[in-house]
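Here are my notes on the structure, set out point by point. Please read them with the coordinates open.

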Amino acid sequence: MNAPKGLPLWLKIVTGVVSVALVAGVAFTAFWFIRLQNNITKAPLSAGDTRDTGDAVVNDKTDRLQILILGSDTRDGKNSQYGTSEDSTGYGHSDVMMLLDISADNKRVSVMSFPRDLLVDVPQCTDRKTNQTFPARNGVMINEAMAEAGIGCAVDTINKLTGLKVDHFMMADFNAVKELSKAVGGVDVCVSDPVFDPDSGLRLAKGNSQVEGEQALSFLRTRHAFGDGGDLGRIKGQQAFLSSLTRKLKSEGTLGNPQRLLQIADVVTQNLTVDEGLASVPTLLTIGGRLKDIDVSKVAFVSVPTQPAAIDPNRLELVEPQASQLFAALRADLDLTNPGATSSPSASAAPTGTAAPPTTAAPPAPAYNKAIQPVAVANGSGVGTRAQEILAVLTGNGFTQAVSYLANPVEQTVVYYGADFADVATDVAALYGIPATQVKQAAGVSGVQVYVGTDFASGTAYGAASVPTDVVNQTAKDAVCQQVNPLYITQ
């Protein structure tokens, strides 16, 4: 009996080709995985005990993500041409600080910038390398937060300042910007006039230009060329650059192209430091992939509201209550591109207690005449027109004799009442959803006083966050031309 014939030649060839392809695919994947993994430098996410041990581990694929983006001024290695090591002490300063917020459904991204000159309180931080603990500091520039104890201290500072919980961080140095701009083939920018800044080396003609390498870095670093020559002008330039970069990556389909993502990741990770949770190739690619379908009109660039500091006009401080409103809107996960959008009271973090929503059903008739009750609104919110909005609720609900006046700013809203006015105070508090714990009897109060604090600076439902007006500088859809500082216009 003859032995069975072997496989047909064509099948042998196909089988061989498939086998080679599989081996090549595995080798290709292994090569990139090992290469990128070796590129990554990592550091601790926190320098203190600011994160609750009960916090759930974030799912990088499906959860909302808060990623702190830092630009280091370190002058080591490839960055030595930008100054000496004395220009950057300790772990360096974070001359760029942005909080990237990706919504769980991948439909919205907010990028909030913090000026380097902003004065903040830095919590106690411990250097995880040396175990040296540095005491808390008050009123220091935010870019100094990581100089002593490392990047984790900058993360802790942002958590303390905003009430948010940063999930990851990415810190890039000067060289990362140059290499990224080269990898994407340049980034389009625009200036209102021909400009030259000898300090940063930026030199551009009027109108649109494409920058990469040194000129891209100069565009992002220039501190004098834009606006009035301060840090806020530089932030607008950085936001315009990132907007342009986002449009380019989106239009070219880069974020949906694994090969292009790997090429970009290769040059970026060589100059990048991330936290331990982000220090893996699959995680980095996952986050990049989440943004591939984003609507560029829903990528919002905002700046923390600031003003010249009272103690030093060359530094900045938060403007209240606008800053608190912005942080509350972010905590409530509101769409910053939708001005006036409001969360339910339970969706935001009210400073004290849990505010019940204002009653919508008609309450039983009170045992008093609303029209003659002495109710006053003390405006301690810091917003000059706030009393009128609060007063309108009172008069619209029958308290027609209510009056208002400006008062000293306070942090918490309280409804005070005098003897025999407890029932009126309770009803007034219910109109706004103010918790019962913030309804108090007080000597010297005749009737009822609604003392409005900075925690109730907008809206008519206490504890509900709302998006401040004019908070968005631009979206990634907008191509914005930078206004050149007249002192740096060239002919």
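The points below cover one helix pair and then several salt bridges.

1. This is a predicted model, and the remarks that follow should be read with that in mind.

2. Packed helices first. Helix 9 spans residues 386-396 and helix 10 spans residues 422-432. They pack at an angle of about 120°, and their axes lie 11 Å apart. Angles of 65 to 115 degrees count as roughly perpendicular and those over 145 as roughly antiparallel, so helix 9 and helix 10 are oblique to each other. The crossing of helix 9 and helix 10 is right-handed.

3. On the helix 9 side, the contact is made by Ile390, Val393 and Leu394. Their counterparts in helix 10 are Val428, Leu431 and Tyr432. By class, the residues of this contact are six nonpolar, with no polar and no charged residues.

4. Turning to charged pairs, the whole structure contains 15 salt bridges. Three of them are taken up here, beginning with the one between the side chains of Asp333 and Arg64, with an N to O distance of 3.5 Å. This pair connects distant parts of the chain, 269 residues apart. Asp333 sits in the loop between helix 8 (322-331) and strand 18 (375-379), while Arg64 sits in the loop between strand 1 (41-43) and strand 2 (65-72). Asp333 has a relative accessibility of 28% and therefore counts as partly exposed.

5. A second salt bridge joins Glu214 and Lys178, whose closest N and O atoms are 3.1 Å apart. Here too the pair links distant parts of the chain, with the two positions 36 residues apart: Glu214 belongs to helix 4 (residues 214-221) and Lys178 to helix 3 (residues 174-183). Is each partner buried or exposed? Glu214 is partly exposed, at a relative accessible area of 34%. Lys178 has 8% relative accessibility, and the cut-off for buried is under 20%, so Lys178 counts as buried.

6. The third salt bridge is between the side chains of Asp231 and Arg223, at 3.3 Å from N to O. Asp231 is buried, because its relative accessible area is 5%. Arg223, at 24%, is partly exposed. Both residues belong to one network, joined by salt bridges that share partners. The other members of that network are Asp95, Arg116, Asp117 and Arg234.

7. When checking these points on screen, the contact of helix 9 with helix 10 can be found from Ile390 and Val428, which are among its residues. For the salt-bridge network, Asp231 and Arg223 can serve as the starting pair.

Note on methods:
Residues are numbered from 1 along each chain as its sequence is written. This is a predicted model: local features need pLDDT of at least 70, side-chain atom pairs count only at pLDDT 80 or more; totals for chains, interfaces and linings use all residues. Side-chain values use heavy atoms; hydrogens and water are left out. Axes are lines fitted to C-alpha atoms, for helices over the stretch in contact, and angles run from 0 to 180 degrees between N-to-C directions. Helices (H or I, at least four residues) and strands (E, at least two) are DSSP runs, numbered from the N terminus. Angles under 35 degrees count as roughly parallel, over 145 as roughly antiparallel, 65 to 115 as roughly perpendicular and the rest as oblique. A crossing is left-handed if the near helix is turned anticlockwise from the far one by less than a right angle, and right-handed if clockwise. Contact means heavy atoms within 4.5 Å. Ala, Val, Leu, Ile, Met, Phe, Trp, Tyr, Cys and Pro count as nonpolar, Asp, Glu, Lys and Arg as charged, and the others, Gly among them, as polar. A salt bridge is a side-chain nitrogen of Lys or Arg within 4 Å of a carboxyl oxygen of Asp or Glu. Buried means under 20% relative accessible area, exposed over 50%, partly exposed in between (1.4 Å probe, protein chains only).
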